[in-house]
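Here are my notes on the model you sent. They are numbered so that you can reply point by point.

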Amino acid sequence: MPQLSTSKKLFSEAEKYIPGGVNSPVRAFKAVGGTPAFINSAKGAYIFDEDGNKYIELINSWGPMVLGHAHTEISEAVKNAVDQSLSYGAPTAKEVDIAKLIVSMMPSVEKVRMVNSGTEATMSAVRLARGYTNRNKFIKFEGCYHGHADSFLIAAGSGAVTMGTPNSPGVTEGTAKDTLLAPYNDLDAVDSLVKSNPEQIAAIIVEPVAGNMGCVLPKPGFLEGLRKVCDENGIVLIFDEVMTGFRLAPGGAQEYFNVMPDLTCMGKIIGGGMPVGAYGGKQEIMDYISPVGPVYQAGTLSGNPIAMAAGYAMLSHLNENKSVYKKLNEVGEKIKTGYESNLEKLGLNYTINHLGSMINMFFTDKEVHNFKDAQNADTDKFKPFFHGHLDRGVYLPPSAFESYFLSTALSDEDIDKVVQTHYDVLKEMHS
Ligand code: KE4
């Protein structure tokens, strides 16, 4: 059990000034209990808390730190930028560089707009789709999380479901009525929503690999089916690649599955750890955005030069070192294989969902293809599973409804420790 006395003190102090003591709910450990470790540094695959505890981490800031923490090229890029002031609120050459790089990496993206978070990206993309089609409704999938904009907090995943507030107070009936819901992987449900709302649906937004109900993969044909229904009904297909973008492949899930959306939302990795989001896609649609078109969207710190320096360094590294993806996928494969071998040795048949460097285990022997499947797992088991790992120095996302985020910084020894810890914790839980 890590000694957390400084974190405990900081947490009680934090709770006096910050709601729940955190600036994002899932960090508060509400779903797993206990005191969240206050982190004061990180390097490579390791994070260190205020009490000097070291953890091998499988969160990586919820995705951005795909190369591990404090990567030299990214840190150097930021250090070299800060002396030229932190922000101008005017166009810069670096914004042109990163836009060109994103367009070259993301197969369906012809133009891109930088914003400051994944939420801003998805919120803007849906507004753009509504403006472009002159329609109000959109379809999202239960358990998918697209950030905290009002229209998405309907059967959302991630922290929303972890907090037990699937439909958040403060979201008006007026907003909710335009959000249509379908189970993930259910094309029939999508078809019936489209038929019952003819000419009214502006967009379908989907996580091409869901990571906010745990890791849930698209069934073969699901993404292709969404493409088809959008083509047949003039609906804008939006891939929320905030998590999968630049992680599953240089061109994200759309490259991996070779299914092209009309708009793509990006975040996390794109900023290299700095607050960056982006949305992009077909020029014909993107030119509906102000100042070219009538759909308004703006941001004081959008394209911030320091954030662009970090993001450009990250994306350049990924674009120029395709071996990163081989390593990422090897890390994922080794952990999956280790987990499977543990389950066999222990006579357990829990479900592991995995793709590339996204993975998690559900406490159920049934397959998990949508949110209801994920909720039917024995989520009470996640709490001892999480703390059993934390006590042994392995930091998992503190929620059963999250994918783990792996990085290239995990060495074979780290992977062995992650796998051994998985075995030891499950053995202890089931003895
Ligand atoms: P942000 O606004 O948090 O940058 O991005 C929202 C978002 C959009 N789309 C997807 C697919 C996402 O996963 C996210 C954010 N992911 C969560 C973790 N599952 C962020 C962690 C948090 O809320 O603190």
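1. How far apart do the C-alpha centres of domain 1 and domain 2 lie? The distance between the two centres is 25 Å. This is a predicted model, and the remarks below should be read with that in mind. The protein chain is divided so that domain 1 covers 5–70 + 323–429, while domain 2 covers 72–320. Domain 1 is thus written as two segments, with domain 2 falling between them in the numbering.

2. On the contact between the domains: domain 1 contributes 36 residues and domain 2 contributes 39 residues. The size of an interface is often given as the accessible area lost when the parts come together. For domain 1 and domain 2 that area is about 3000 Å², and 67% of it is on carbon and sulfur atoms. On the domain 1 side, Tyr-325, Leu-355 and Phe-371 supply 24% of the area buried against domain 2, more than any other three residues.

3. On polar and charged pairs across the interface: zero salt bridges are found between domain 1 and domain 2. Polar contacts do occur there, with ten residue pairs counted between the two domains, both residues of a pair being at pLDDT 80 or more.

4. Which elements give two or more residues to the side of domain 1 that touches domain 2? They are the helices α12 (323–346) and α13 (371–376), together with the strands β11 (351–355) and β12 (358–362). Sorted by class, this side of domain 1 has 22 nonpolar residues, ten polar residues and four charged residues.

5. On the sheet: β11 and β12 also belong to an open sheet of three strands, in the order β11-β12-β14 and with antiparallel pairing. β11 and β14 (404–405) stand at the edges with a single partner strand each, so one side of each has no neighbour in the sheet. β12 and β14 run antiparallel and are joined by two bridges. Met-358 has Phe-405, in β14, as its bridge partner.

6. On salt bridges in the model: the count comes to 15, with none of them across the interface of domain 1 and domain 2. Side chains of opposite charge can pair when their charged atoms come close. One such pair is Arg-227 with Asp-231, where the closest N and O atoms are 2.8 Å apart. Both residues lie in helix α8 (residues 222–233), and Arg-227 and Asp-231 are four residues apart, about one turn of the helix.

Note on methods
Residues are numbered from 1 along each chain as its sequence is written. This is a predicted model: local features need pLDDT of at least 70, side-chain atom pairs count only at pLDDT 80 or more; totals for chains, interfaces and linings use all residues. Side-chain values use heavy atoms; hydrogens and water are left out. Domain bounds come from an automatic or database domain assignment. Contact means heavy atoms within 4.5 Å. Buried area is the accessible area (1.4 Å probe) that two parts lose on being put together, summed over both. A salt bridge is a side-chain nitrogen of Lys or Arg within 4 Å of a carboxyl oxygen of Asp or Glu. A polar contact is a pair of N or O atoms within 3.5 Å; within protein, one must be able to donate a hydrogen and the other to accept it, and residues adjacent in sequence count only if both atoms are side-chain atoms. Ala, Val, Leu, Ile, Met, Phe, Trp, Tyr, Cys and Pro count as nonpolar, Asp, Glu, Lys and Arg as charged, and the others, Gly among them, as polar. Two strands pair if DSSP finds at least two bridges between them.
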